[in-house]
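Please look over the model below before reading on. The note is for a reader new to it.

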Amino acid sequence: MKLSLSLQQSFEAPTLVLKRAYLKKVIETTLRHIEVDQDCEIGIACVDNDESHQLNAEYRKKDKPTNVLSFPSDIPEEVLPLLDALPLGDLVICIPVVLQEAIEQQKTPIEHFTHMLVHGTLHLMGYDHETSDQDAEKMEALEIEILNKLGFENPYSVKED
């Protein structure tokens, strides 16, 4: 599998330096774990609170910024065989929200960002956690397994002081 990555960083933070090779590794690990073996394309935009807030309000009717928004590709099925790579869609990750949540959850910025990248990629592949508890449990279990492969602990376990 080959991954084509488009990255837009309109917001950067000194505590979270993102390298393309790392992003590709995380996404490829996620896709391989759910047994995607064809070439894929994905877009990632790292944005500020204002842009996330605007998109979240427009597309989800929620009046606040959020950590990650997923916009799955809507290319018609009949066109897919004509493409060199499967377009997964786009992720919009709000860096200030991710950094704040990392502090609140006692995680490193890269640890939480990686979780949001895995989480968003799974959404692009059709996984959901909002329709049923069973779907949520399945998605969380996949996230835990994938993050473990990447060297991170269960993101849902509460850290004790």
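The points below take up the sheet, its strands and a helix.

1. This is a predicted model, in which local features need pLDDT of at least 70, side-chain atom pairs count only at pLDDT 80 or more, and totals for chains, interfaces and linings use all residues. Residues are numbered from 1 along each chain as its sequence is written, and side-chain values use heavy atoms, with hydrogens and water left out.

2. Start with the sheet. Four strands (DSSP runs of E, at least two residues, numbered from the N terminus) form an open sheet with mixed pairing. Their order is S1-S2-S4-S3. Strand S1 (3–9) and S3 stand at the edges with a single partner strand each, so one side of each has no neighbour in the sheet. From one strand to the next, the twist averages 15°.

3. Now the pairing, which takes at least two DSSP bridges between two strands. S4 pairs with strand S2 (residues 40–47) in the parallel sense, over eight bridges. Here Ile44 stands opposite Leu91. With strand S3 (residues 68–72), S4 pairs in the antiparallel sense, over five bridges. Pro72 has Gly89 of S4 as its bridge partner.

4. How many residues of strand S4 are buried? Eight of the nine in S4 (residues 86–94) are buried, meaning under 20% relative accessible area with a 1.4 Å probe, protein chains only. S4 is therefore largely enclosed by the rest of the structure.

5. Last, the helix. H2 (residues 49–60) lies across S2, S3 and S4. Helix H2 runs at about 50° to S3.

Technical notes. Buried means under 20% relative accessible area, exposed over 50%, partly exposed in between (1.4 Å probe, protein chains only). Axes are lines fitted to C-alpha atoms, for helices over the stretch in contact, and angles run from 0 to 180 degrees between N-to-C directions. Contact means heavy atoms within 4.5 Å.
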